[in-house]
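Got the viewer open? Here's a short tour, stop by stop, of what to select and what you'll find there.

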Amino acid sequence: MSARLLIVGPQGSGKGTQGVRVGEAWGIPVVSTGDVFRANVAEGTELGLQVKSIIDAGSLVPDELTSAVVRDRLAQADAAEGFLLDGYPRNVAQVMHLDEFLEGRDEQLDAVIALVVPREESLSRLTARAAEQGRADDTEEAIATRLEIYERETAPILDVYRTRGIVDEIDGVGALDDITARIFAALEARGLRPAQ
Ligand code: ADP
């Protein structure tokens, strides 16, 4: 069944992993702005060249550019019936861009999954990931910048969506499968059922 979803959580909250699981179960594409930017950097596209130094520093890519990338992606046929956004919107300006785009299509978000993970836990997961994957923006400095931006700019978008009654707070600590089950239960409680 179609669902238009957003997953939000601090760095290291596991939103990427959980987002993919929800996307697969609901049969909807996962649109991760971080993945899109990293793929462009890896391929050396014009967009990649534009954003590389911004991403490596842990700063935000300009809103207009990011929103244009997301609009292009959501305009593709596979997103017509639903999608899961991961990493966008990331501030209130982007929320407004997304609202405008969705209104133009007579659509709206059905649910916002907010993964709740204490700061010490997400920090230790990030440090572990830095050692394993060596992502260019997993340096101590870039991590600190991203977490700070999360608190200051991203967390407030939840207040906007709370006033619309579409936020589900999910405890993001525990076994991966348990967290997935919590998310599925919350979505199903909204009448959003997986494809199979
Ligand atoms: P994380 O959540 O660990 O910071 P992401 O993969 O979501 O990682 O994002 C990596 C980087 O991509 C961000 O630090 C930022 O530079 C850029 N980025 C991703 N999404 C956005 C967005 N919505 N707006 C601006 N920049 C973004």
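Start with helix H2, residues 33-43: this helix supplies the largest share of the shell around the ligand, 4 residues (helices are DSSP runs of H or I, at least four residues, strands are E runs of at least two, and both are numbered from the N terminus). This is a predicted model, so local features need pLDDT of at least 70, side-chain atom pairs count only at pLDDT 80 or more, and totals for chains, interfaces and linings use all residues. Numbering runs from 1 along each chain as its sequence is written, and side-chain values use heavy atoms, without hydrogens and water.

Now select the ligand's surroundings (a heavy atom within 4 Å). Of the 19 residues there, Thr 33, Arg 38, Ser 59, Gly 87 and Arg 146 come nearest.

Next, show polar contacts (N or O pairs within 3.5 Å). A polar side-chain atom of Thr 33 sits 2.7 Å from a ligand nitrogen. At Ser 59, a polar backbone atom is 2.5 Å from a ligand oxygen. Click Arg 135 too: an N or O atom in its side chain is 3.1 Å from a ligand oxygen. How much of the ligand does the protein bury? Of the 550 Å² the ligand exposes alone, 97% (Shrake-Rupley, 1.4 Å probe).

Last stop: Gly 14, in the loop between strand S1 (4-8) and helix H1 (15-26). An unreviewed UniProt entry lists Gly 14 under "binding site", along with others including Lys 15 and Arg 129; such annotations may be inferred rather than shown by experiment.

Key
Polar contact = N/O pair within 3.5 Å; in protein donor to acceptor, adjacent residues only side chain to side chain.
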